[in-house]
Amino acid sequence: MTKNTSRTLTALGVMLVIAAIGGTLAWRLATPRWSRKVAVTPPKAGPAPRHIRVLVANIKLADPADGVNRWSKRRRLLLTVFRKYHAQIMGLQESTPAQTAYLGLHLHNYAHYPGIGGAANVFKALTGALASWDQIFFRADRFSLVTASHGALRPNHPQRNATENAYYSLVVLADRRHVLPDIIVIDTHLRHGVPNAAICAQHIQIRLRQAWQRFPNALAVVMGDMNHDRTVTPVYRALEGFPGAARQPLWKMTDAFNYAAKPAGVWWGTWQDFTGQPHEEWPSDLIFVSHGWRYTPSYIIRDHSPQGRYPTDHFLVTTVVAPRRRLDAPALMVIPKRHGVRSGK
């Protein structure tokens, strides 16, 4: 969902029902779900890299009203961008079942979570479709899925405005090469109201800490379209892990953006409504990393077609992470150019 809610909220309720039910059928027929066997290329011989790329992307739900920017006109461009940056883990928002089906078929050697159950129970299928718009794609030739969950962040407090209900997906990934520790990944799409978003961010931390109880040596990545930037203190501080992090510093999550590097007068907003021009000064598509990671500053992907078309209405954001060899090692890292990794801008 973009920040321009006025033009989408009026029609979105009907669109959700139609897209969810129809997309569920498309998903069942076409998508290689995470639970289905994926053709996995055996890992290459030799040491595996300790660093991996993580990418977050609000891919914008398929809306025929988008005209020249509708899904059928931009999906190949989005695939091109995904393949160019070759992230090992990607968190997608607004990926409807039909869109996930397309990406699942064309992103070879990727698995994704979550899937959707049978469509016999329409209400259950609808709920599952809405909850699964936060898709986590991961390289199946590098990672295996240990456990996973997804659903509403506040299941017992549905919002009066249905579009303000926020969902999450969580996976725990194990490195097939036994180089990296287990990785907890949470993907979410927070909504626009500040009080609700702040509570949802706190619930993300609750789910993260529950996962840490089961996998105490895991490192964590939390990413998504947060719809709030660092200036919205209640939401941002909750995403950082507070108030719990005040008692346990290792619970603190760090935004991978290096805000000190932003040139004066340059806007880093990541919602651009297919125009390439940010509508906000600060980014709201964010990647948070736990204490045990080293990371490159988040990089805003502004790739577009020669005709000036963008793959989605948000800029994508990416960072590279690697486990610290020592907890007192510097958090920021520089990857040699031979690895094809860009620093944050």
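Colleague: Which residues of α2 meet residues of α3?

Modeller: On the α2 side they are W71, R74, R75, R76, L78, L79, F82 and R83, and they meet Q99, Y102, L103 and H106 in α3. I should add at once that this is a predicted model. A contact here requires heavy atoms within 4.5 Å.

Colleague: Why is α2 called oblique to α3?

Modeller: The axes of α2, residues 71-85, and α3 come within 11 Å and cross at roughly 40 degrees. Angles under 35 degrees would count as roughly parallel, and 65 to 115 as roughly perpendicular. The angle fits neither range, which makes α2 oblique to α3. The crossing of the two helices is right-handed.

Colleague: What makes helix α3 largely enclosed by the rest of the structure?

Modeller: Helix α3 covers residues 97-106, and seven of its 10 residues are buried, so the helix is largely enclosed by the rest of the structure. The buried residues are P97, Q99, T100, A101, Y102, L103 and G104. To be called buried, a residue must have under 20% relative accessible area.

Colleague: How do you know that β4 is mostly covered?

Modeller: Strand β4 spans residues 135-139, and five of its five residues are buried. In a regular strand the side chains alternate between the two faces of the sheet. In β4, Q135, F137 and R139 lie on one side, while I136 and F138 lie on the other, and both faces are covered.

Colleague: Which strands pair with β4 in the antiparallel sense?

Modeller: One is β2, residues 89-93, which pairs with β4 over four bridges. Another is β3, residues 110-113, which also pairs with β4 over four bridges. At least two bridges are needed for a pair, so β2 and β3 both qualify. F137 of β4 stands opposite M90, and F137 is also the bridge partner of H112.

Colleague: Why do β5 and β9 stand at the edges of their sheet?

Modeller: The open sheet has six strands in the order β5-β6-β7-β8-β10-β9, with mixed pairing. β5 (143-152) and β9 (254-255) each have a single partner strand, so one side of each is left without a neighbour in the sheet. Within this sheet, β6 (residues 167-175) and β7 (residues 183-189) pair in the antiparallel sense over six bridges. V171 stands opposite V185 in β7.

Colleague: What is the angle between helix α5 and β7, and which strands does the helix lie across?

Modeller: Helix α5, residues 194-214, lies across β5, β6, β7 and β8 (219-225) and runs at about 165 degrees to β7. Angles over 145 degrees count as roughly antiparallel, so α5 is roughly antiparallel to β7.

Colleague: Why does R70 count as partly exposed?

Modeller: R70 has 32% relative accessibility. Buried means under 20% and exposed means over 50%, so the value for R70 falls in between. R70 is found in the loop between β1 (52-58) and α2. Leaving aside neighbours within four places in sequence, R70 is in contact with D63 and P64. The C-alpha atoms of R70 and P311 are separated by 9.7 Å, although these residues are 241 apart along the chain.

Colleague: How many helices and strands are there in the protein chain, and what share of its residues is buried?

Modeller: The chain has seven helices and 13 strands. Buried residues make up 55% of its 345 residues.

Notes: Residues numbered from 1 in each chain as written. Predicted model: local features only at pLDDT ≥ 70, side-chain atom pairs only at ≥ 80, totals over all residues. Heavy atoms only, no water. Buried < 20%, exposed > 50% of the residue type's maximum accessible area, 1.4 Å probe, protein only. Axes fitted to C-alpha atoms, helices over the stretch in contact; angles between N-to-C directions. Left-handed = near helix turned anticlockwise from the far one by under 90°.
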